[in-house]
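Reader: I have just opened this one for the first time. Could you walk me through it with a few questions and answers?

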Amino acid sequence: MEDGSMGGALVPAAVTTSKVKTDGISDEFPPDSGAGKGIGEPETTDKELLCPICMQIIKDAFLTSCGHSFCYMCIITHLDNKSDCPCCASSLTTSQLFPNFLLDKLLKKTSASQVSKSVSPLEQFRQALVQGHEVSVKELETLLSLLAEKKRKLEQEEAERNMQNLLDFLQCLRKKKIDELNEVQSDVQYIKEDIGLVERRRIELYRARDRYLLKMRMQAGELTGSKSWSSSSIDKDNSDLVFASGKAHGVPTGSLQYMNVDGKSQGSSHGTQRKEASSGLSSQNMSQSSLSVIRKKRIQSQFNDLQQCYLQKRRPLVNPNNRDTEVMQREGYSSGLSDFQSVLSTFTQYSRLRVIAELRHGELFHSANIVSSIEFDRDDEMFATAGVSRRIKVFDFSTVVNEPPEVHCPVVEMPTRSKLSCLSWNKHTKNYIASSDYEGIVTVWDVNTRQSVMEYEEHEKRVWSVDFSRIEPSMLVSGSDDCKVKVWCTKQEASAINIDMKANICCVKYNPGSSTHIAVGAADHHIHYYDLRNTSHPLHIFSGHQKTVSYVKFLSVASLPLHLRITPYVRTFRGHTNEKNFVGLSVNNDFLACGSETNEVYSYHKAISKPLTWHRFGTPNVEDSDEDPGSYFISAVCWKSDSPTLLAANSLGTIKVLVLAA
């Protein structure tokens, strides 16, 4: 009776789910259509079809004498260990097991029903045809007609969608190109205006030059007339001299010379000066022409970056509503054009780094020669170096530049207990310099006495960076591998401010225009900008680096306001290589300098992404060294204030004084 009740529940469900209406194909494509009627019943029936032992659909159903069905393998395995029914605990042996053919048949139908649910109506119809189900010609014609109509409808919808997509694309493209055209037209308009301004200014310069030359010629003519009168008087008293005029040795007609009685010509001092001046002017013109060609080539090589710089500086100033009120600066220029002219002139002014002095920091090929930091003092008269040699060396700059290498010795040398990572001169107290070392100690030194003034030992790990405040000379900041930034005061022994961060600190820098703002570069690839009056959260976090931020600098000191002014990064400088070492970074008005792991020092203009120029340090004799030449790198750089002069040091301890040159 149990089997019969199970069969009565399953057969209607199987018939319902396998039924196909040939006259309603277009309305019955969804796979769940027509199946909702039996949703609740199969779930209940499925539980009754589970084997009580494995809880899976029964396979090879066998019936016990007590009326329960199991998988054959499940019940046999059970009876190997026990002799009772798993369901009712009645005594049971293998001789009391009988095949349940009816349940097997129902299970097969259930399996077929479930398969039919998982396929689409079209797939079911295809399977029916394959299995040989008879279909009349009229039914096939009806089906073909419905299918053709459905195909036409789908093709129509697909064509409409494609056309709509094409239309949307073309409209978007038109809008974008119209915007670009308007921008180009606007660019062309103020480029045209700037060309007019520059042409007028150039004409004014030419006229000023002509007026100057005319004035010089008039002065030269007056001088010539005066000397002619003097020479005539001399001739009257000395009959052995006669005048001759004309061209002689490139002197133009009208210049004066005299002959002695032997017939030898002697030019007047004025004629000689005119000759030398003419020769000098000619060579100067040639030099200027050659320089002009070089600068034009330089502009062409960086034309795209210069174009972008010009447009960035010029576009924001163009506003149709206030074109007449635009602020005009010197010589009728707009501020944008004036700024770009400054960029162009400074960019084309230099083309190379020239070595003017070189010295060694230690013994050749010694692993303790790496210069980690190099810094000028307040007046740019001295510079200090520090590194893994455990010594701070102070050199006199003028001696290094003007004296032979044999006398390039430090004027002050201070030993330290540990390797040094960074130096910072106090910009108010000339003889104070701060250092940070690998043991986590920050020290303030007096260069005059060669003694430490203060030692701060609160950091738990290596300190990578230290910096004195320009505004408040008694304050300095440090950052360490212990993920802490500490602000110190030279008037007290303990730190004044502590900032706990989540990443190792690699660099810290005071805002040159503020005593309350610092920038922190960390191993989390970000720059954190803090107001020291509230250090609970940074004022801003700069993102964009893909690796650890090893240096942070402020570009322009003069233009920095005392209030906070945050802008996103606007330029990425590419050319140098920096994967794993600290290679140095320094800024000076319009220029940046950084080292490279290719043993080269690079110079950039702040408005141009590509290098302005670079200089490669010479590779020493490889046979005398155990190191790979490719392992040498620039380790520290420092600009001299308001000067094109640059100090650069590499991992071999070689220090060079370089200057930007044309």
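Here is a short conversation about this predicted model.

Reader: Glad to start! How many helices and strands does the protein have?

Author: The model is predicted, so what we discuss was computed from it. Both kinds of element occur in the protein. The count is 10 helices and 30 strands.

Reader: What share of the residues is buried?

Author: A residue counts as buried when its relative accessible area is under 20%. The protein has 662 residues to sort in this way. The buried share comes to 36%.

Reader: Where does UniProt place the "coiled-coil region", and how far apart are the end C-alpha atoms of that span?

Author: The UniProt record, an unreviewed entry, puts this feature at residues 137-176. In the model, that span is 100% helix and 0% strand. Its end C-alpha atoms lie 58 Å apart.

Reader: What span should helix α9 have, given its 15 residues?

Author: Helix α9 covers residues 335-349, and each residue adds 1.5 Å. The expected span uses one less than the number of residues. The end C-alpha atoms of α9 are 21 Å apart, which agrees with the expected 21 Å.

Reader: Which residues of α9 are buried?

Author: The list begins at Ser335, Gly336, Leu337 and Ser338. Further along α9, the buried residues are Phe340, Val343, Thr346, Phe347 and Thr348.

Reader: Now some strands, please. Why is strand β18 described as largely enclosed?

Author: Strand β18 runs over residues 484-489, six residues in total. It is largely enclosed by the rest of the structure because the buried ones among these six number five.

Reader: Which strands pair with β18?

Author: Strand β17 (residues 475-480) is joined to β18 by five bridges and runs antiparallel to it. These two form a hairpin with three residues between them, and Cys483 in the turn has a positive phi of about 65 degrees. Across this pairing, Ser478 stands opposite Lys486. Four bridges make another antiparallel pairing with β18, and the partner there is strand β19 (residues 497-500).

Reader: Which strands stand at the edges of the open sheet β24-β25-β26-β27?

Author: The four strands of this sheet are paired antiparallel, in the order β24-β25-β26-β27. An edge strand has a single partner, so one side of it is left without a neighbour in the sheet. The edge strands are β24 (585-588) and β27 (613-616).

Reader: And which residue in β25 is the bridge partner of Leu585?

Author: β24 and β25 (residues 591-595) pair in the antiparallel sense over four bridges. In β25, the partner of Leu585 is Cys594.

How values were computed:
Residues are numbered from 1 along each chain as its sequence is written. This is a predicted model: local features need pLDDT of at least 70, side-chain atom pairs count only at pLDDT 80 or more; totals for chains, interfaces and linings use all residues. Side-chain values use heavy atoms; hydrogens and water are left out. Buried means under 20% relative accessible area, exposed over 50%, partly exposed in between (1.4 Å probe, protein chains only). UniProt positions are given in the numbering used here, feature names are shortened, and annotations may be inferred rather than shown by experiment. Two strands pair if DSSP finds at least two bridges between them.
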